[in-house]
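Thanks for sharing this one with me. Below are my notes for someone meeting the structure for the first time, in the order I would read them.

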Amino acid sequence: MARIVYVDGAYVPEAEAKVSVFDRGFLFADGVYEVTSVIDGKLVDFAGHLTRLARSLSELQIPAPVSDAELEAIHRELVTRNELTEGLIYLQVTRGPADRDFVWLDDPTPTLVLFTQEKALIDSPLAARGLSVALMPDIRWQRRDIKTVQLLAPSMAKMAARAEGADDAWMVEDGHVTEGTSNNAWIVTADGAIVTRHLSNSILHGITRATVRDIAADLGLSVEERAFTPDEARAAAEAFVTAATSFVTPVVKIDGQQLGDGKPGPVATRLREAYIEQARRLAV
C-alpha cells in the first residue's frame, strides 16, 4: 500500500506529494522539522515535540502554519490512514515558496509536510548488539539548538564513520564531544555517573534526552550535565545515545576501542527498558 502523505492541507498518495521548486526549504534549507515516534499506534513524547517545534519556528521567525490541535489531528490521521503501529512521523515546516532571494518575505506562506515511516523501535537489532561510533570534527553552524533541515554536515560525518566501519559518528568541537549525528551522546563513568553535555546552542535540546534524564533521576542514578572529552568517552564503562528514532541505544565501541566487555551495558539497558515502559504508558 502506497503511503499517504500530508502536504499543505491535503492527504495524497506519496507519488503525488509535491512542493514548489521555489520553496525556500529546497533552495536555502530554510525550515525546521520534528520526528515523533509511534508505538502501539500512539504518539510518544508528543507535547515535547510540539514545544520544541514552536521554539524552532520562533527562532527562525517562521509563522506556525497550523495550530497545535490541528497538528495533533494530522498526526493521528496519518497513523490511521497508513495503519501505522510502530515507526515514525516526520514533520517539516519551511518558510514556503518565493522567488530566490537571500532576503525573505515579511509575510511568508509556510509549507507543511508530514509523512510516516515504519520502523522497529522496540525490538531494534542495533539496540540489541550496540553501536560503534567514530569521532569526527564538528563542522556545523552555531545554532544547533534549532532543529533545522540543514543536515548535510551530520550526513557527511555519518558517511565518514561508515567508511571507517562504524555505525555512526560523535562530533567533537574544542576538545569535547558535542553530540551524535542524529542523537544526543551519553557516557557512564567508571564510578557510575551518567554524563551528557549540558544544553546550549552547541547541541539539539533532545526531547528523548530530557525524558531519559528524568527517568534516570527517578531511578536514583547520578546524572551530570557537562561536556566530556574524547578520552573520557573512550575510557567510559558504558555509553549510549538517545533520540526519538532510537530511544536509548547502547554504544559498545568508540573510535575502534571496545567499552567494557563489548556488549550493551547494564545502565543503558535499564534506561532503555524504563523508557519503553514509560513511553507505552504515557503515549497519547
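The points that follow go through the sheet, the empty spaces and a few single residues.

1. **Ground rules.** This is a predicted model, in which local features need pLDDT of at least 70 and side-chain atom pairs count only at pLDDT 80 or more, while totals for chains, interfaces and linings use all residues. Residues are numbered from 1 along each chain as its sequence is written, and side-chain values use heavy atoms, with hydrogens and water left out.

2. **The sheet.** A good place to start is an open sheet of six strands, with the order β2-β1-β6-β5-β3-β4 and antiparallel pairing. Its edge strands are β2 and β4 (42-43), each of which pairs on one side only. Helices (H or I, at least four residues) and strands (E, at least two) are DSSP runs numbered from the N terminus, and two strands pair if DSSP finds at least two bridges between them. As background, strands of a sheet pair through backbone hydrogen bonds, either parallel or antiparallel.

3. **The two edges.** At one edge, β1 and β2 (residues 10-13) run antiparallel and are joined by four bridges. Here Tyr6 stands opposite Tyr11 of β2. At the other edge, two bridges join the antiparallel strands β3 and β4, and Val38 has Leu43 in β4 as its bridge partner.

4. **The hairpin turn.** Which residue takes a positive phi in the hairpin of β1 and β2? It is Asp8, with a value near 45 degrees, in a hairpin that has two residues between the strands. This deserves a look, because most residues other than glycine have a negative phi. Asp8 counts as partly exposed because its relative accessibility is 43%; the classes are buried under 20% relative accessible area, exposed over 50% and partly exposed in between (1.4 Å probe, protein chains only).

5. **A second positive phi.** Gln61 is also a residue other than glycine with a positive phi, near 60 degrees. You will find Gln61 in the loop between α2 and α3 (68-81). With a relative accessible area of 57%, Gln61 is exposed.

6. **How spaces are found.** Rolling a probe the size of a water molecule over the atoms shows where empty space is left. On a 1 Å grid over the protein atoms alone, a cavity is a set of points where a 1.4 Å probe fits but cannot get out, and a pocket is an open set with protein on both sides within 12 Å along at least five of seven lines; lining residues have an atom within 4 Å of a point. Grid points are joined across faces, edges and corners, and a volume is the space filled by probe spheres set on the points.

7. **The second largest pocket.** This pocket has a volume of about 240 Å³. Its lining has 14 residues, and Val19, Gln92, Thr111, Val113 and Phe115 lie nearest its centre. The elements that give two or more residues to this lining are β1 (4-7), α1 (24-28), β5 (87-94) and β6 (111-118). By type, the lining residues are eight nonpolar, four polar and two charged. (Ala, Val, Leu, Ile, Met, Phe, Trp, Tyr, Cys and Pro count as nonpolar, Asp, Glu, Lys and Arg as charged, and the others, Gly among them, as polar.)

8. **Thr111.** Is Thr111, a residue of strand β6, buried or exposed? Thr111 counts as buried because its relative accessibility is 6%. Its side chain makes a polar contact (a pair of N or O atoms within 3.5 Å; within protein, one must be able to donate a hydrogen and the other to accept it, and residues adjacent in sequence count only if both atoms are side-chain atoms) with the side chain of Asp23, at 2.6 Å. Leaving aside neighbours within four places in sequence, the contacts of Thr111 (heavy atoms within 4.5 Å) include Asp8, Val19 and Gln92.

9. **The cavity.** Searching the whole structure gives one cavity of 30 Å³ or more. About 40 Å³ of space lies in the largest cavity, and its lining includes Glu34, Phe46, His49 and Leu91. The helix α2 (46-59) gives the most to this lining, with four residues. The lining divides into four nonpolar, three polar and one charged.
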